[in-house]
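Student: Could you help me learn to read a ligand site? I would like the general idea and then the case at hand.

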Amino acid sequence: MKKALTIALVMLVALTSVFAGGSAEGTTVVQNRQKPLVFFNRQPSDPVSGEIDMETMNWNDKTYYVGFDAVGGGVVQGQMIVDFLATADPATLDRNGDGVIGYVLCIGDVGHNDSRARTQGIRQALGTWAGSTDPGVSQEGSANVGGTTMPIVELDSRAMTGTDGSTWNANAATDAMGNWATQLGDQIDMVISNNDGMAMGCLQASNYPEGVPVFGYDANADALEAIAAGRLTGTVSQNADAQAAATLQTLRNLLDGLTGADVYTKGFTEPDQWGNQITPEVNYDAENKALLAANEAVTIANVDRLLSGARDEGIKQSEAPVVDVLLTIYNSADNFLSSNYLPALNYYAPLMGINLTVVQGDGQNESSCLDRFTNLANYDAYAINMVKTNSGPDYTSRLQYN
Ligand code: BGC
């Protein structure tokens, strides 16, 4: 009896191996929980404290995060605004001549660490930081405006949540800007936003006060054009092109069986076995298992270089065996992800031998992605952009039992 059971078991294992063929890792059965899992753009973290969710990040030894230096990016955005003020003419900037520079702030998502880092970076640079990234919490600051120290006041700040509950909502920013322009009038000397989508949304307001400087973040194509046309004052590139390539390169490396430092050096600081290497700097943060692209301020001074939209020549068609990756995007309507990040993913994936299946959510319910995070055994790896930054366990639990 025992012997018969053993034979049956051996046959079952052999059969399963036959049917599980086709992956880059050969014909051995790879269970979903052993497959590469790369989070991108929304770092598994606590929406309130910002603490990284290391339990999710340690799901298996093939779990990584790919993003950019969020805190450093907030500092770059703040410094860009300070640099602008230093060369501005107080007589033009201070529209009502009251000796105070007033600004309004569009907040993306109070539970997203990218958004919080920018709010903090802006407020700290302008001296309006009162210890919190919450809307409405600020104090009077000051800055050098064209050689004169002037008080800076945050007139209002709002989290731009759409009527459908989605965050970073550009339409909400258009509405808010319309109201601000009506209520605050010429007290508004600057408009600052946690991203380009909302900054461009503000410019859409029919009563946008002409000529008032406006700052965004992301370096989306339409924002770059607006800078060149003198409508947007500045943005910050978080190098979405390099991040998209890095998300794919990390998956490629893991599926090629690389381990240890090879995962974040091959194709990054040296060519991978297929001859590919991402040109921009992508640094590894070992503590958080995160690969991070660098930020760069973009103004009229350097916009031309970015406007070309050139792809990275360090990545060419490789001979790598084709692998299947299931990738989620939290919101199909997110300007940054849909107009900047996703086109880059779609460009680099075939070059790296990655066949992407993309699932896009509604930006408010995790289920809009999770409901299509299915047929998991059909994929060799997963790339996840969560709706909520603390939803990591919802995805890993799906990978647990097969
Ligand atoms: C981008 C935002 C985007 C968000 C989505 C951020 O890094 O700057 O524009 O809406 O990611 O998660």
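Tutor: Happy to! By class, the shell around the ligand holds five charged, four polar and four nonpolar residues. (Asp, Glu, Lys and Arg count as charged; Ala, Val, Leu, Ile, Met, Phe, Trp, Tyr, Cys and Pro as nonpolar; the others, Gly among them, as polar.) This is a predicted model, where local features need pLDDT of at least 70 and side-chain atom pairs pLDDT 80 or more, while totals for chains, interfaces and linings use all residues. Residues are numbered from 1 along each chain as its sequence is written, and side-chain values use heavy atoms, without hydrogens and water.

Student: Which residues are closest to the ligand?

Tutor: A residue is near a molecule if one of its heavy atoms lies within 4 Å of it. Here 13 residues surround the ligand, the closest being Asn41, Asp114, Arg118, Asp218 and Asp334.

Student: Which polar side-chain atom lies 2.6 Å from an oxygen atom of the ligand?

Tutor: A polar contact with a ligand is a pair of N or O atoms within 3.5 Å. That atom belongs to Asp114. In the side chain of Arg42, an N or O atom is 2.7 Å from an oxygen atom of the ligand, and for a polar side-chain atom of Gln238 the distance to a ligand oxygen is 3.1 Å.

Student: How much of the ligand's area does the protein bury?

Tutor: Accessible areas come from the Shrake-Rupley method with a 1.4 Å probe. Taken alone, the ligand exposes 310 Å², and the protein buries 100% of that.

Notes:
Polar contact = N/O pair within 3.5 Å; in protein donor to acceptor, adjacent residues only side chain to side chain.
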